[in-house]
Every structure is written in structure tokens, then in C-alpha cells.
Amino acid sequence: VGEANFTGRITAVDDAGVTFVPDIPVKKGMRPKTGEPVTLAFEQIRRGTVEVEFSHIEHTDLDLDFETGSEAAGEED
């Protein structure tokens, strides 16, 4: 992909890389546009910044099967 900078929303991450929907630059005052999903292998990514946005949460199937701190440490209730 070269020396390009990308801005967009991450939609998936796996062992091989990151898939995201890029933001397409538009003229000031126009509604933001999004492109087609792009997958980048981790080897292609030199640097990245991630921001967490709570105001734009959409319905998604999240895998929330995780352990709390005490369960992960092997403690029982």
C-alpha cells in the first residue's frame, strides 16, 4: 500500500491483520463518506493510533465472554 495514511473504523481484527472501513475525505460542510472495507496485514502497518468512540456505537455482535480479574487469577467466590 506504500506510505499512505488511513483514517477509518476498525471492523475486524485477527491473527493476520486489521480490517477497517476508510473515511473518504470530502469538502467542508458535506456529509462524511465511507469506502469499501480494507484489510491490512500487520506487516504493512508501521504505526497506528486508535481512538475509542462511544457516541457512534452501532448494533454489533460482540463476543463478551471474558474473565474478570478475580476469575482470571484463579480465585473463587
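These numbered points walk through the predicted model shown above.

1. **Confidence.** Start with how far to trust the model. The mean pLDDT of the chain is 78. Of its residues, 68% reach 70 or more. Confidence is highest in strand 4, at 92. Confidence is lowest in helix 1, at a mean of 57. Where pLDDT is low, the predicted coordinates should not be read in detail. Keep that in mind when you look at helix 1, with its mean of 57.

2. **Layout.** The chain holds one helix and four strands. Read from the N terminus, the order is β-β-β-β-α. Strand 1 covers residues 8-13, and strand 2 covers residues 17-24. Strand 3 takes residues 33-34, and strand 4 takes residues 38-41. Helix 1 is at 69-72.

3. **The first hairpin.** Strand 1 and strand 2 form a hairpin. Three residues lie between them. The two strands pair in the antiparallel sense, over five bridges. Look for two of the pairs. Ala-12 has Thr-19 of strand 2 as its bridge partner. Val-13 has Val-18, also in strand 2.

4. **Other partners of strand 2.** Which strands pair with strand 2 besides strand 1? Strand 4 does, running antiparallel to strand 2 with four bridges. Here Val-18 stands opposite Leu-40 of strand 4. Strand 3 does too, in the antiparallel sense, over two bridges. In that pairing, Ile-24 has Lys-33 of strand 3 as its bridge partner. Val-18 is worth a second look: Val-18 is the bridge partner of Val-13, and Val-18 also stands opposite Leu-40.

5. **Cover.** Is strand 2 mostly covered or mostly open? Strand 2 is mostly covered, with six of its eight residues buried. For the chain as a whole, 10% of the 77 residues count as buried. The chain exposes about 7,600 Å². Carbon and sulfur atoms supply 50% of that area.

6. **A nonpolar surface patch.** Five residues make up a nonpolar patch on the surface: Ile-10, Val-13, Phe-42, Ile-45 and Val-50. Together they have about 460 Å² of accessible area. Ile-10 sits in strand 1. Is Ile-10 buried or partly exposed? Ile-10 counts as partly exposed because its relative accessible area is 49%, and that class lies between 20% and 50%.

7. **Phe-42.** This patch member is found in the loop between strand 4 and helix 1. Phe-42 has a relative accessible area of 37%, so Phe-42 is partly exposed. Which residues does Phe-42 touch, leaving out those up to four places away in sequence? They are Val-13, Asp-14, Asp-15, Ala-16, Gly-17 and Val-18. Val-13 belongs to the patch as well. Asp-14 is 28 residues from Phe-42 in sequence. In space, the two are 9.7 Å apart, C-alpha to C-alpha.

8. **Contacts along the chain.** One last figure covers the whole chain. Take the contacts with a separation of 6 or more. Residues 24 or more positions apart account for 27% of them. The contact of Phe-42 with Asp-14 joins residues 28 apart in sequence.

Terms used
Residues are numbered from 1 along each chain as its sequence is written. This is a predicted model: local features need pLDDT of at least 70, side-chain atom pairs count only at pLDDT 80 or more; totals for chains, interfaces and linings use all residues. Side-chain values use heavy atoms; hydrogens and water are left out. Patches are made of residues with over 30% relative accessible area and no salt bridge: like charges are joined within 9 Å, nonpolar side chains (Val, Leu, Ile, Met, Phe, Trp, Tyr) within 5 Å. Accessible areas come from the Shrake-Rupley method with a 1.4 Å probe; for residues, only the protein chains shown count as cover. A salt bridge is a side-chain nitrogen of Lys or Arg within 4 Å of a carboxyl oxygen of Asp or Glu. Buried means under 20% relative accessible area, exposed over 50%, partly exposed in between (1.4 Å probe, protein chains only). Two strands pair if DSSP finds at least two bridges between them. Contact means heavy atoms within 4.5 Å. pLDDT is the predictor's confidence in each residue, from 0 to 100.
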